[in-house]
Each structure stands twice: as structure tokens, then as C-alpha cells.
Amino acid sequence: MKNIFSTRLIAAVIIIVIICLGVAVYTGATGNANPITEGIGMAFSPLQQGITRVAEIAGQGRAYFEGYDAIEQENAELKSRLRELEQNERDAQIMKDENDRLRAMLGIKERNTSFELELAEVIARSPGDWASTISLGKGSNNGIEIDDLVMTEDGMVGYVSNVAPTYCDVTTVVDSNMQAGALITRTREVGVAEGDYALMKEGSLKLSYLEPDSDVVIGDTVETSGRGGVYPKGIMVGTVERVVTENNGISSYAVIKPFVDVSKVTNVLIIKDFEVTE
């Protein structure tokens, strides 16, 4: 039995060798693929196509994520550039506003040749319930003195009330300690522009000591009178908002809204000297 099995195995090996030799001879003689190779190729073709498709999908997925990362990076760069452009635009607007203010200040110098002026920047503010003052970056080293009037192109800001070598403090027009001779532009009626504690909270002051028969009306403008020679004449102070009768029922005063918003002013002119005019 064992001999028969061995004989059959040898015969099978011989047949396989003969087939392989035949295939080799056929392929070499004709140059064509042999039927066995084609059969094997056909059997494995679907598997090969599947593997190829999976590889293609994987490549597409990798390309997609690589593209998505690139888009995210580009988006971040564009946002950063946009923020930079917006900041540049804000800076340009600030510079333009500053240039306009300085140009207006220069115009004041040209129109008031009798004034000796010093340009100064606001470096601190001390608004509160009891006082309204600002500090400027110029002091006695620049020839600044107490009672020098401070203004902008719009009008009076206040007066210098304290001086140090490199800075000074300004009592603003709405501070309760402020007093200046003033008059109504339209009628030339004189009075005293002074701060008031109650009005300071609303950013206003008053024109006191009006005549009993005063015809001051809402909308009248008020300017410095120049009386006493402490402050120059003709510096605009504000506009009459309302007229109030005093408690005695005889005299009255006008509530004035300043032309200058002292809470927002940034650059001012200090009048260091001027010619006194009547």
C-alpha cells in the first residue's frame, strides 16, 4: 500500500514538472502569456482592483486633510492681516484727527499774533464730585505761570492753578473754583462765568450777576470780557442753555454749556502772555 502511494506521488511530481516545462516552452516560443498565468491573474484581479481602490481613497483622504490644514493656515493668516489693516486704519484716523487739531491750533496762533502760546498735551485727568482738573505736560521750565488761560480752537478750557517745573494743573471751566469775567456776545452784557458744584455734575457752569432787566436768551454765546487783565478778551466760553431766576426773585443767572468738553480734550494751548485791550 505504501509503495503504491509513493509511486503516485512521484508520478504527480513528474506531471507538474512536465507542465511547468511546457508552460515555459510555450511562453518562450510564442511570447504570449500562458493560460495558467492568465488564469491566476483573472482569479486575483478583483482583489488587486480592491486594493488599488482602497489606496486611491486613502490618498484622496490624505490630500483632503492636507488641503484643509493649508486652508486653515491661510485663513488664520488672512485674519491676522485683516486685524493689522484695521489697526493701521485706526492709527491713521488718530493721526489725521491729531493733525487737524494741531492745524487748528496753528490757526489760532496766526489769528492771535498778540498771544504768546505754548502747545501742551493733557497727561492726567482728575474729574470727580468735588473738582474737575487736568494736568498738562508743560510747566515752569516752559514759562508757564499760575492764572495762564488754557484753551483749544473751540474755546476756554480753564486756567493754570498749580505749576511744577515739568507739568501744571488746570482748573477747568466747570470746576466749582473757577471764576472769570465774561460777557454775552450779542448784547455785550457783562457778568461772571463761574463753576457751580451742582452744575459741575452735568458738565456746565453759570454766568452770574446778570442785570434784572437782562434779555439773555437760550443760544446766546458767552466769552471772556478781559476785565481786570487776568485773562485775555474774546475767548469763547460756551452757549446759554437756560436762564434761572435766583431765590430772591429779582436777579437771575444763565446756565452755560462749555464749547470744550474738558473730559475729552487732549491737546491745548496755554496763553503765556497777551496784550491787554479795552
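This section describes strand pairing, aromatic contacts and selected loop residues in a predicted model.

The barrel comes first. Six strands close into it in the order 6-7-8-11-10-9. Their pairing is antiparallel. On average, neighbouring strands of this sheet are turned by 40 degrees against each other, direction ignored. One of the pairings involves strand 9, residues 221–224, and strand 10, residues 236–245. These two strands run antiparallel and are joined by 3 bridges. Within this pairing, E223 has M236 of strand 10 as its bridge partner.

Strands 3, 4 and 5 were examined next. Strand 3 covers residues 149–151, and strand 4 covers residues 156–163. The two run antiparallel, with 3 bridges between them. V150 is matched with G158 of strand 4 as its bridge partner. Strand 3 and strand 4 form a hairpin, with 4 residues between them. In the turn, G155 has a positive phi of about 155 degrees. Strand 4 also pairs with strand 5, residues 168–172. This pairing is antiparallel and extends over 5 bridges. Here G158 stands opposite T172 of strand 5. G158 thus appears in both pairings of strand 4, as the bridge partner of V150 and opposite T172. The connection from strand 4 to strand 5 is again a hairpin, made through 4 residues.

Ring contacts follow. The structure holds 1 aromatic pair. It is formed by Y159 and Y231, with ring centres 6.0 Å apart. The planes make an angle of 40 degrees, and the pair is classed as tilted. The pair links distant parts of the chain, with 72 residues separating the two positions. Y159 belongs to strand 4, whereas Y231 lies in the loop between strand 9 and strand 10. Y159 counts as buried because its relative accessibility is 11%, under the 20% cut-off. Y231 is also buried, with a relative accessible area of 10%. A further ring contact involves a charge. The charged end of K206 sits over the ring of Y253, at 4.8 Å from the ring centre.

Two loop residues have notable backbone angles. D147 is not a glycine, yet its phi is positive, at about 80 degrees. D147 is located in the loop between strand 2 (132–136) and strand 3. Its relative accessible area of 35% makes D147 partly exposed. Y209, likewise a residue other than glycine, has a positive phi near 60 degrees. Y209 occupies the loop between strand 8 (205–208) and strand 9. At 60% relative accessibility, Y209 is exposed.

E189 was considered in the same way. This residue lies in the loop between strand 6 (179–184) and strand 7 (190–194). E189 is buried, because its relative accessible area of 12% is under 20%. Beyond residues up to four places away in sequence, E189 touches A182, L183, I184, L210, E211, S214 and D215. Two of these neighbours take part in polar interactions with E189. A polar atom of the E189 side chain lies 2.8 Å from the backbone nitrogen of E211. The side chain of E189 also makes a polar contact with the side chain of S214, at 2.8 Å. The C-alpha atoms of E189 and V216 are separated by 8.5 Å, although the two residues are 27 residues apart along the chain.

Technical notes:
Residues are numbered from 1 along each chain as its sequence is written. This is a predicted model: local features need pLDDT of at least 70, side-chain atom pairs count only at pLDDT 80 or more; totals for chains, interfaces and linings use all residues. Side-chain values use heavy atoms; hydrogens and water are left out. Two strands pair if DSSP finds at least two bridges between them. Axes are lines fitted to C-alpha atoms, for helices over the stretch in contact, and angles run from 0 to 180 degrees between N-to-C directions. Rings of Phe, Tyr and Trp (its six-membered ring) pair if their centres lie within 6.5 Å; planes under 30 degrees apart count as stacked, over 60 as edge-to-face and the rest as tilted. Buried means under 20% relative accessible area, exposed over 50%, partly exposed in between (1.4 Å probe, protein chains only). A charge sits over a ring if NZ of Lys or CZ of Arg is within 6 Å of the ring centre and within 35 degrees of the ring normal. Contact means heavy atoms within 4.5 Å. A polar contact is a pair of N or O atoms within 3.5 Å; within protein, one must be able to donate a hydrogen and the other to accept it, and residues adjacent in sequence count only if both atoms are side-chain atoms.
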